[in-house]
Amino acid sequence: MSETRRVPDRLSDGEVPGWRALTAVARGAAHELAGRPLQDAAGSAAYPADGPRWLAVTVADGHGGRPHFRSARGSELAVDAGLRLAREMAARFAAGESARELRSAVREELVPELIGRWRRSVERDLSEHPWNSQEQQLLSGDDVTVPYGSTLLLAVVAAPWLVLCQIGDGDVVMVGADGTASLPVPGDPRLDGNSTTSLCQPDAADAFRLAVVDLAASQPAALLLATDGFGNAQTADPWYQLVGA
């Protein structure tokens, strides 16, 4: 816990009644022992004070390792892209008439635009900070996004809907008023504890998993977005039930 990163500032000062966002990042014990840097990022934004109110939270985890030597920066860029795109689409989410309609909008519009924005942000970052000689020796291909590889979890509260999308490992835990916890986002058999899907993969759009929750019907009391290090540090199985309670 000795290394923490300041989360991005809110993009405005609006608040969503009934919700409070808390974000934190910390370097795990294994990273400390190995001398590896913090590669997680998180942020939240709430809009606006004078219109339909909504809240967005994003969490991202850079992959680390030799091929992904700029993944700490990649996770920051992912969080920023997620928050800004949520701002543009939240009013549309709130006006959605069905969960099916919203899932289609997320799959067909939000996901490809999110990937595109992240890739363009990576390219801008690289133009401003070209590879140094040491980094050039680590390059393993022509795709400049691979060194920035990151997961991403995004939640948008736009009443009466909760919109969730995720690529890669980590967990979204929804907790009911009675303390019962559930995992609303579908799992992915490719996430075996050693491998993860990523924003940097060529077919990233196909790797996104989605969920749309009717807030009136589900009435969640809390929502947890966490990178894989949180769940991996728990001893209970399934851990999310105990944490939720």
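**Group meeting talk: sheets, rings and unusual bonds in a predicted model**

Let me begin at one small spot, glutamine 219, which is found in the loop between helix 6 (215-218) and strand 8, where helices (H or I, at least four residues) and strands (E, at least two) are DSSP runs, numbered from the N terminus. Before going further, I should say that this is a predicted model, in which local features need pLDDT of at least 70 and side-chain atom pairs count only at pLDDT 80 or more, whereas totals for chains, interfaces and linings use all residues. Residues are numbered from 1 along each chain as its sequence is written, and side-chain values use heavy atoms, with hydrogens and water left out.

Back to the loop: glutamine 219 has a positive phi of about 45°, although it is not a glycine. As general background, most residues other than glycine have a negative phi, and most peptide bonds are trans. Glutamine 219 is also exposed, with a relative accessible area of 56%; here exposed means over 50% relative accessible area, buried means under 20%, and partly exposed is in between, using a 1.4 Å probe and protein chains only.

Two peptide bonds also deserve a look. The bond from alanine 159 to proline 160 is cis, with omega near 15°, and proline 160 lies in the loop between strand 3 and strand 4. Another cis peptide bond joins aspartate 237 and proline 238, with omega about 0°, and proline 238 sits in the loop between helix 7 (228-232) and helix 8 (239-244).

Now to the sheets. One open sheet has 5 strands in the order 1-2-3-4-7, with antiparallel pairing, and two strands pair if DSSP finds at least two bridges between them. Which strands stand at the edges? They are strand 1 (40-47) and strand 7 (209-214), and because each has a single partner strand, one side of each is left without a neighbour in the sheet. Neighbouring strands of this sheet are turned by 10° against each other on average, direction ignored; the axes are lines fitted to C-alpha atoms, for helices over the stretch in contact, and angles run from 0 to 180 degrees between N-to-C directions. Strand 1 and strand 2 (residues 54-61) pair in the antiparallel sense over 8 bridges, and within strand 2 the bridge partner of alanine 46 is leucine 55.

Two helices pack on this sheet, where contact means heavy atoms within 4.5 Å. Helix 2 (residues 71-94) touches strand 1, strand 2, strand 3 (152-158) and strand 4 (161-167), and its direction makes about 155° with that of strand 2. Helix 3 (residues 99-128) touches strand 3, strand 4 and strand 7, and the direction of helix 3 makes about 140° with that of strand 7.

There is also an open sheet of 3 strands, in the order 6-5-8 and with antiparallel pairing. Its edge strands are strand 6 (181-182) and strand 8 (220-226), each of which pairs on one side only. Strand 5 (residues 171-176) and strand 8 pair in the antiparallel sense over 6 bridges, and glycine 176 has proline 220, in strand 8, as its bridge partner.

Next, the aromatic rings. Rings of Phe, Tyr and Trp (its six-membered ring) pair if their centres lie within 6.5 Å, and planes under 30 degrees apart count as stacked, over 60 as edge-to-face and the rest as tilted. By this rule the count comes to 4 aromatic pairs. One of them joins phenylalanine 69 and tryptophan 131 edge-to-face, 5.4 Å centre to centre with 70° between the planes. Phenylalanine 69 lies in the loop between strand 2 and helix 2, and tryptophan 131 in the loop between helix 3 and helix 4 (133-138), so the pair ties together parts that are 62 residues apart in sequence. Phenylalanine 69 is partly exposed at 22% relative accessibility, while tryptophan 131 is buried at 16%. Ring pairs link Phe69, Trp131 and Tyr148 into a cluster.

Let me finish with the cysteines. How many disulfides does a search of the whole structure find? It finds 0, a disulfide being a pair of cysteine sulfur atoms within 2.5 Å. Cysteine 165 is in no disulfide, and the nearest cysteine sulfur, that of cysteine 200, is 17 Å away, which is too far for a bond. Cysteine 165 counts as buried at 2% relative accessibility, and cysteine 200 counts as buried at 8%.
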